[in-house]
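Biologist: Here is a chain that is new to me. Could you take me through it by question and answer?

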Amino acid sequence: MVSVKREREIDLEDDEVPVKIGRSSEDRRSRHCPYLDTINRSVLDFDFEKLCSISLSHINVYACLICGKYFQGRGLKSHAYTHSVQFTHHVFLNLHTLKFYCLPDNYEIIDSSLEDITYVLKPTFTRQHISGLDKQGKLYRAYDGTTYLPGIVGLNNIKANDYANVVLQALSNVPPLRNYFLEEENYCGIRRPPGDIMFLLVQRFGELMRKLWNPRNFKAHVSPHEMLQAVVLCSKKNFQITKQGDAVDFLSWFMNALHGALGGTKKKPSSLTKVFQGSMRIFSKKLPHPDLPPEEKVALLLKEEYQEEMSDTTFLFLTLDLPTAPLYKDEKEQLIIPQVPLFNILAKFNGNTEKEYKTYKENFLKRFQLLKLPPYLIFCIKRFTKNNFFVEKNPTIVNFPITNVDLREYLTEEAQVTEKNTTYDLVANVVHDGKPTEGAYRIHVLHHGTGKWYELQDLQVTDILPQMITLSEAYIQVSSIVTLITEYTICCSLTYLFMSR
């Protein structure tokens, strides 16, 4: 018969479990655990959701460092305790407190050789480390022997999430945004209303960013599983892991969701809008219904509601419209893929080009002009036309320069005076290949430390020549204003000279 005291000992969890040996004996075992050589770092993977593999609970979860599985608790009735006895696996890590324990003896292990494991679970970056990320191109060796460049790291395609992977990789290679999320202290103090789940996006994106830039990874790729679980939850399943999505739709939702979760509003900026937000002027006038008689159209155009109106608005990215692709083959019976210069489709923002926009009830004629350029500019090239029946893709190739894209002529006259820096260099290029609903995504990324371009598609990472990038069906492009890099380089050089003196 089990006594009441014994029953209580069985029910006790973690720190409450009574220690039956002396303090000196406990300290000796903590620093001289005989089971450290049984740890198998090759099976450790902290990218997945921290759930007990048996109870599916996220409370008080431990990782077995011998087989890599997650278990709840370490008390006498816990799943971790049972696992340790059944399989003689003795070393466990608390995924929340980052403390190591030996089970079933239940004492804390204190050993500096385990620090690499806690760093993989929760990488940390100093400001000095962050400031040097874009100044060197050193290859690092993962525990499995492969070499990699931090930041240029493949992401698992769990089933059909490459549309999200390319957006996450593009944003992770924007230095100001990356630097903000590498330091958790920058956003951990942001207060959100009770029950607000959207801040989970911020936390998971920060964790993913630190894993992508971790110079001490056990493997040369990262799984975005936890990040994507947060996306599925916060988007109310509008974006999923098992169903292919649209990268531009995801980018739009994700950026706006991050902005709100970081405390930003329409009037209050966030760390995200400081990087990507620009402003434009829209000239819009209502059009009479096309089926009306000519005399009625003339009469309506004289009314006040049909006069051109001007409004200013902000943007996080600019949508560029492609010319209609040819439907028929040429005289040689070959369907030639059309090409268009970038500056042709940028004419949308010159203040003169008009385009008709149709709504359910009304038609409008609009023209656009830029007022303020952001430090990092995103172009979304509209390749897909959607209706109730099908999705059609425009395969037109956009001929774009990799560097020195000057947007001064698309600014208003007043803005041309105030905006000193108007030239951009490409830093990321998202590509869609294949059919509209069955295609795949890949991304080209510039590594600032080496000055080289790399192509990432799921787990595959290869270097690529810049001239090959321009032959792709670009879908999303991220460019940095040229002086950002120049001023940063000059500042770093001056700092180095000052310190060397």
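The turns below go through a helix, some ring pairs, some charged pairs and a surface patch.

Biologist: Before we start, what kind of model is this?
Modeller: Local features here are held to a confidence limit, a pLDDT of at least 70. The model is predicted.

Biologist: Is helix α9 largely enclosed or largely open?
Modeller: Helix α9 covers residues 225-234, and eight of its 10 residues are buried. Among them are His 225, Met 227, Val 231 and Cys 234. With that count, the rest of the structure leaves α9 largely enclosed.

Biologist: Which helices do the buried residues of α9 pack against?
Modeller: The buried set includes Glu 226, Leu 228, Ala 230 and Val 232. The packing partners of the buried residues are α6 (162-172), α8 (199-212) and α10 (247-261).

Biologist: Which residue just after α9 takes a positive phi?
Modeller: The helix ends its run at residue 234. Just after α9 there is a phi of about 55°, and the residue is Lys 236.

Biologist: Which residues does Asn 165 touch, leaving out those up to four places away in sequence?
Modeller: Asn 165 is part of helix α6. Its relative accessible area is 2%, so Asn 165 is buried. Leu 228, one of the buried residues of α9, is among the residues touched by Asn 165. The full list is Leu 155, Asn 156, Asn 157, Pro 224, Leu 228 and Asp 458.

Biologist: How is the aromatic pair of Phe 250 and Trp 253 arranged?
Modeller: The structure holds 19 aromatic pairs. In the pair of Phe 250 and Trp 253, the centres are 6.2 Å apart and the planes make 35°. Planes under 30 degrees apart would count as stacked and over 60 as edge-to-face, so this pair is tilted.

Biologist: Why are Phe 250 and Trp 253 separated by about one helical turn?
Modeller: An α-helix has 3.6 residues a turn, so residues three or four places apart point the same way. Phe 250 is buried, at 0% relative accessible area. Phe 250 and Trp 253 are separated by about one turn because they are three residues apart in helix α10.

Biologist: How far apart in sequence are the parts that Phe 384 and Tyr 475 tie together?
Modeller: Phe 384 and Tyr 475 form an edge-to-face pair, with 5.2 Å between centres and 90° between planes. Both residues are buried. Since Phe 384 belongs to strand β17 and Tyr 475 to strand β25, the pair joins parts that are 91 residues apart.

Biologist: Which ring does Arg 216 lie over, and at what distance from the ring centre?
Modeller: A charge sits over a ring only within 6 Å of the ring centre. Lys 366 lies over the face of Tyr 357 at 5.6 Å. For Arg 216, the ring is that of Tyr 119, at 4.2 Å.

Biologist: Is Glu 183, in its salt bridge with Arg 127, buried or exposed?
Modeller: The search of the whole structure finds 25 salt bridges. Glu 183 and Arg 127 form one with 3.2 Å from N to O, and they lie 56 residues apart, Arg 127 being in helix α5 and Glu 183 in the loop between α7 and α8. Arg 127 is exposed at 62%. Glu 183 has a relative accessible area of 14%, and is therefore buried.

Biologist: How many residues apart in sequence are the parts that Asp 249 and Lys 386 tie together?
Modeller: The closest N and O atoms of this salt bridge are 3.1 Å apart. Asp 249 is partly exposed at 36%, and Lys 386 is partly exposed at 49%. As Asp 249 lies in helix α10 and Lys 386 in strand β17, the separation is 137 residues.

Biologist: Which residue of the nonpolar surface patch lies in the loop between α15 and β25?
Modeller: The patch has about 320 Å² and is made by Leu 465, Met 468 and Leu 471. One of these has a relative accessible area of 58% and counts as exposed. The residue in the loop between α15 (466-469) and β25 (474-481) is Leu 471.

How values were computed:
Residues are numbered from 1 along each chain as its sequence is written. This is a predicted model: local features need pLDDT of at least 70, side-chain atom pairs count only at pLDDT 80 or more; totals for chains, interfaces and linings use all residues. Side-chain values use heavy atoms; hydrogens and water are left out. Buried means under 20% relative accessible area, exposed over 50%, partly exposed in between (1.4 Å probe, protein chains only). Helices (H or I, at least four residues) and strands (E, at least two) are DSSP runs, numbered from the N terminus. Contact means heavy atoms within 4.5 Å. Patches are made of residues with over 30% relative accessible area and no salt bridge: like charges are joined within 9 Å, nonpolar side chains (Val, Leu, Ile, Met, Phe, Trp, Tyr) within 5 Å. Accessible areas come from the Shrake-Rupley method with a 1.4 Å probe; for residues, only the protein chains shown count as cover. A salt bridge is a side-chain nitrogen of Lys or Arg within 4 Å of a carboxyl oxygen of Asp or Glu. Rings of Phe, Tyr and Trp (its six-membered ring) pair if their centres lie within 6.5 Å; planes under 30 degrees apart count as stacked, over 60 as edge-to-face and the rest as tilted. A charge sits over a ring if NZ of Lys or CZ of Arg is within 6 Å of the ring centre and within 35 degrees of the ring normal.
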